[in-house]
Amino acid sequence: METTTHTNAAPTATCPFGGNFPNARDVNRPLEPAPGYVHMLEEAPLHQVTLYDGSRAWLFTRHEDVVNVLSDRRFSSVPTDSYPMVSPGAAITKTIDHTFLRKDAPVHTVHRKMWTPYFAANRVEKMRPTIQSIVDRAIDRLLEKGPPADFVSEFALVIPSQVICSLLDVPESDHEFFQTNSTVMMTLSSKPEDIIAAKHAFDAYWLKEIERRELNPGDDIVSELIRTQVLTGHITGKELADMSWLMLLAGHETTASMIGLSTILLLRHPDQLADMLTDPSLTRGAVDECLRYLTVNQNGLNRVATEDVDILGTKIKKGEGIIALLSTANRDPLTFPDPQRFDIRRPTARQHVAFGAGFHQCLGNPLARVELQIVFDTLFRRMPTLQVAQDISEIDYKYQAFFFGANSFAVTW
């Protein structure tokens, strides 16, 4: 295993910033990336930053460079000692996360392909009636309850949770268990021991479920993978348990954050929201522009160099960590002219990297897009007077989370 000795030495002349990472958002402009990131993008697209433990990592901020490094096999997803992490809680996942998210080819390729057919665009399109029904029922409950309501717990979390749980055949009675443990694992400030306990709880749940479904298979993805992959010896039950945990976590956390933040963002741009409602053909572009503008993955994607790499006039040495910062890549004026402007008609919005890029690009992105499209097309039509019932700067945001979002906010109508 290649390691790098960490020092607190000052950055080199080619890396003028060298500040602490991650940067804090401006609480008065919570939907914008941290101001320091934008400055980095403008002044030094590649430089070193200092992490919580004093270690250093190379930070890529431009769109083209982010896409390139995430598509370059010389940068590995396998956590080594020098693999950059942004908190003690995040660092503990090096030892407990054994999913294909932390693997390179060929293991990553093989394991990912097991799940790819279930999230392919053509299959997801066939799920539209089911997702529409979930969205309609959630709105029905909101309208029946009456205002005010917590939009996150009563709507934004409901949609993706019910969708992914239906795919994995997780009963509604278990949703609170998953949400509680997911929150622990996705919070940067969580204690390492709490993250380990949450992961063990997930492991125990899925191992028990896999054992049960071996004897009584259902019509769900996990049962099918037990039949085609576990019982045939291609993977172990523990490997499937890890994958199932990953899919459940990834399948609701980011989409729930996007539903909540996108609702705030669209309500703050009523003219564009009205245009979208008048012309449904604008919905797909609106989804992509929200994904670009908000970029809920707020601290980037991490890799480690497996060999010396010369890039942007700088040598990144074997074993050094890198961070590909998606939020600045999605605000790069070379790809997105006037990037600070929200524009649902933006012609380049589809080029965003909100789902990452390269070999590890989120395989669930077709499902997330469809969920968001249905929410956009339904929510504002059925609730035309919907509005956020508190100041945007006073909302309880997930500043200390892997994925930015709102913990809660009140709405009325």
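Start by selecting Pro 148, which sits in the loop between helix α6 (128–145) and strand β4 (149–150). Helices (H or I, at least four residues) and strands (E, at least two) are DSSP runs, numbered from the N terminus. The peptide bond that leads from Pro 147 into Pro 148 is cis, with omega near -5 degrees.

Before moving on, note that this is a predicted model, in which local features need pLDDT of at least 70 and side-chain atom pairs count only at pLDDT 80 or more, while totals for chains, interfaces and linings use all residues. Residues are numbered from 1 along each chain as its sequence is written, and side-chain values use heavy atoms, with hydrogens and water left out.

**Backbone stops**

Next, go to Phe 21 and Pro 22. A cis peptide bond joins these two residues, with omega about 5 degrees, and Pro 22 belongs to the segment before α1 (35–43).

Most residues other than glycine have a negative phi, and most peptide bonds are trans. With that in mind, select Thr 295, in the loop between α14 (283–294) and β5 (301–305). Its phi is near 40 degrees, a positive value in a residue other than glycine. Is Thr 295 buried or exposed? Thr 295 is buried, at a relative accessible area of 2%; buried means under 20% relative accessible area, exposed over 50%, and partly exposed in between (1.4 Å probe, protein chains only).

Now pick Asp 338, in the loop between α15 (326–329) and α16 (365–382). Asp 338 also has a positive phi, about 50 degrees, although it is not a glycine. At 44% relative accessibility, Asp 338 counts as partly exposed.

**Strand β2 and its partners**

Select residues 56–60, strand β2. Five of the five residues of this strand are buried, so β2 is largely enclosed by the rest of the structure. In a regular strand the side chains alternate between the two faces of the sheet. Turn on the side chains here: Arg 56, Trp 58 and Phe 60 point one way from β2, whereas Ala 57 and Leu 59 point the other way.

Add strand β1 (residues 46–50). β1 and β2 run antiparallel and are joined by five bridges; two strands pair if DSSP finds at least two bridges between them. Look for His 47, which stands opposite Leu 59 in β2. The hairpin of β1 and β2 has five residues between the strands, and Gly 54 takes a positive phi near 90 degrees there.

Then add strand β8 (residues 321–324). Four bridges join β8 to β2, and these two strands run parallel. Ala 57 stands opposite Gly 321 in β8.

**Helices α4 and α12**

Select helix α4 (residues 107–115) and show His 108, His 111, Arg 112, Met 114 and Trp 115, which are buried. They cover an arc of only 150 degrees around the axis (taken from the directions from the helix axis to the C-beta atoms), which puts them on the same side of α4. What do the buried residues of α4 pack against? Their partners are α8 (158–168), α11 (221–230) and α12 (237–267).

Stay with α12 and pick His 252, which lies in that helix. His 252 is buried, with a relative accessible area of 3%. Leaving aside neighbours within four places in sequence, His 252 is in contact (heavy atoms within 4.5 Å) with Leu 157, Pro 160, Ser 161, Ile 164, Gln 179 and Ser 182.

**Aromatic rings**

The structure holds 15 aromatic pairs. Rings of Phe, Tyr and Trp (its six-membered ring) pair if their centres lie within 6.5 Å; planes under 30 degrees apart count as stacked, over 60 as edge-to-face and the rest as tilted. Select Phe 177 and Phe 202: their ring centres are 6.0 Å apart and their planes are at 70 degrees, so the pair is edge-to-face. Phe 177 lies in helix α9 (residues 175–185) and Phe 202 in helix α10 (residues 192–215), so the pair ties together parts that are 25 residues apart in sequence. Phe 177 is partly exposed at 29% relative accessibility, while Phe 202 is buried at 1%.

Widen the selection to Phe 178, Tyr 205, Trp 206 and Trp 245, which form one aromatic cluster with Phe 177 and Phe 202. Add Lys 199, whose charged end sits over the ring of Trp 245, 5.1 Å from its centre; this requires NZ of Lys or CZ of Arg within 6 Å of the ring centre and within 35 degrees of the ring normal. For the last stop, select Arg 292, which lies over the face of Phe 336, 5.4 Å from the ring centre.
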